[in-house]
Amino acid sequence: MELLFKIFIKDKDNVESTRVRSRYGQLSGGVGIFLNCVLFVIKFIAGILTSSVGVTADAFNNLSDAGSSVLTVVGYTMSGKPADKDHPYGHARMEYLCSLFISVIVMFLGFEMLTSSIDKIVNKQTTEEFSLVAIIVIASTILVKALVAVFYSKLGKKINSSALRASAPSTSVLRPFIS
């Protein structure tokens with residue numbers, strides 16, 4: 001983490017600066033976008049190769065997580081703009097609108113996966129068989145997501161950001177690594 005901070009954030013210790021905090025937010029969003037896109041590609045290919053609806057659905061979950069990170073960064077950036085002639089109360093609501101848009105996307109993807117699964121059941125398509133590839137991919141994903149949660153949590157603590165800390169689910173399993 002410190003190496004990333006050193007490379008991407010000038011004056012990394014000045015966490016009170018709005019510009020430095022913004023760079024930390026951009027870095028966290030970039031890490032989330034990159035890792036979720038990589039996980040999407042790996043899971044999508046594994047889902048196709050194993051004919052697993054579950055793995056494919058999880059791939060699209062990672063894609064929606066990447067999209068959520070993009071929208072969150074955009075929303076955060078736009079909501080930080082000061083009031084102007086057309087927006088006398090500022091742009092703070094952009095963060096809420098982006099969150100609403102993200103929830104609609106996630107609900108749509110969930111509905112699509114549900115209908116696909118129901119179609120397989122109704123049409124009596126063969127059930128998925130045990131696949132070592134699928135197990136390895138999902139286990140690797142759990143590890144990567146746990147590391148991202150630790151990253152977000154430590155970064156949120158460093159810059160005192162409740163939004164970043166909320167992005168990192170702190171389960172009892174991760175608490176020793178987050179402290």
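The side chains of Asp13 and Lys12 form a salt bridge, with 3.5 Å from N to O; the term denotes a side-chain nitrogen of Lys or Arg within 4 Å of a carboxyl oxygen of Asp or Glu. The model is a predicted one, in which local features need pLDDT of at least 70 and side-chain atom pairs count only at pLDDT 80 or more, whereas totals for chains, interfaces and linings use all residues. Residues are numbered from 1 along each chain as its sequence is written, and side-chain values use heavy atoms, with hydrogens and water left out.

The protein chain contains 7 helices and 0 strands, helices (H or I, at least four residues) and strands (E, at least two) being DSSP runs numbered from the N terminus. Along the sequence the pattern is α-α-α-α-α-α-α. Of the 179 residues in the protein chain, 30% are buried. Here buried means under 20% relative accessible area, exposed over 50%, and partly exposed in between, with a 1.4 Å probe and protein chains only.

In the whole structure, 4 salt bridges are found. Lys12 also forms a salt bridge with Glu2, in which the closest N and O atoms are 3.3 Å apart. Because Lys12 lies in the loop between helix H1 (2–8) and helix H2 (18–50) while Glu2 lies in helix H1, this pair ties together parts that are 10 residues apart in sequence. Glu2, Lys12 and Asp13 are thus linked in a network of salt bridges. The members of this network have the following accessibilities: Lys12 is buried, at a relative accessible area of 16%, Glu2 is partly exposed at 42%, and Asp13 is exposed at 58%.

Another salt bridge joins the side chains of Asp65 and Lys145, at 2.9 Å from N to O. Asp65 belongs to helix H3 (residues 53–79) and Lys145 to helix H5 (residues 132–158), so the pair ties together parts that are 80 residues apart in sequence. Asp65 is partly exposed, with 23% relative accessibility, and Lys145 is also partly exposed, with 29%.

Nonpolar residues were examined next. In soluble globular proteins, nonpolar side chains tend to be buried together. The largest nonpolar core in this model has 12 residues, namely Phe5, Ile9, Val15, Val20, Tyr24, Leu27, Val31, Val148, Phe151, Tyr152, Leu155 and Ile159. Such a core is a set of buried Ala, Val, Leu, Ile, Met, Phe, Trp, Tyr and Cys residues joined through side-chain atoms within 4.5 Å. H2 and H5 are the elements that give two or more residues to the core.

The buried residues of H5 are Ala134, Val137, Thr141, Val148, Ala149, Val150, Phe151, Tyr152, Ser153, Leu155 and Gly156. The 27 residues of H5 should span 39 Å at 1.5 Å a residue, which agrees with the 39 Å between its end C-alpha atoms; the expected span is 1.5 Å times one less than the number of residues. Asn160, which follows H5, has a positive phi, near 55°.

On the surface, Leu3, Leu4, Ile7 and Phe8 form a nonpolar patch with about 390 Å² of accessible area together. Patches comprise residues with over 30% relative accessible area and no salt bridge, like charges being joined within 9 Å and nonpolar side chains (Val, Leu, Ile, Met, Phe, Trp, Tyr) within 5 Å. Accessible areas come from the Shrake-Rupley method with a 1.4 Å probe, and for residues only the protein chains shown count as cover. Within the patch, Ile7 is placed in helix H1 and is exposed, at a relative accessible area of 56%.

The structure holds 6 aromatic pairs. Rings of Phe, Tyr and Trp (its six-membered ring) pair if their centres lie within 6.5 Å; planes under 30 degrees apart count as stacked, over 60 as edge-to-face and the rest as tilted. Phe5 and Tyr24 form an edge-to-face pair, 5.1 Å centre to centre with 75° between the planes. As Phe5 lies in helix H1 and Tyr24 in helix H2, the pair ties together parts that are 19 residues apart in sequence. Both Phe5 and Tyr24 are buried. Phe40 and Phe44 form a stacked pair, 5.6 Å centre to centre with 25° between the planes. These two residues, Phe40 and Phe44, are 4 residues apart in helix H2 and therefore separated by about one helical turn. Phe40 is buried at 15% relative accessible area, whereas Phe44 is partly exposed at 30%. Ring pairs also link Phe5, Tyr24, Phe151 and Tyr152 into a cluster.
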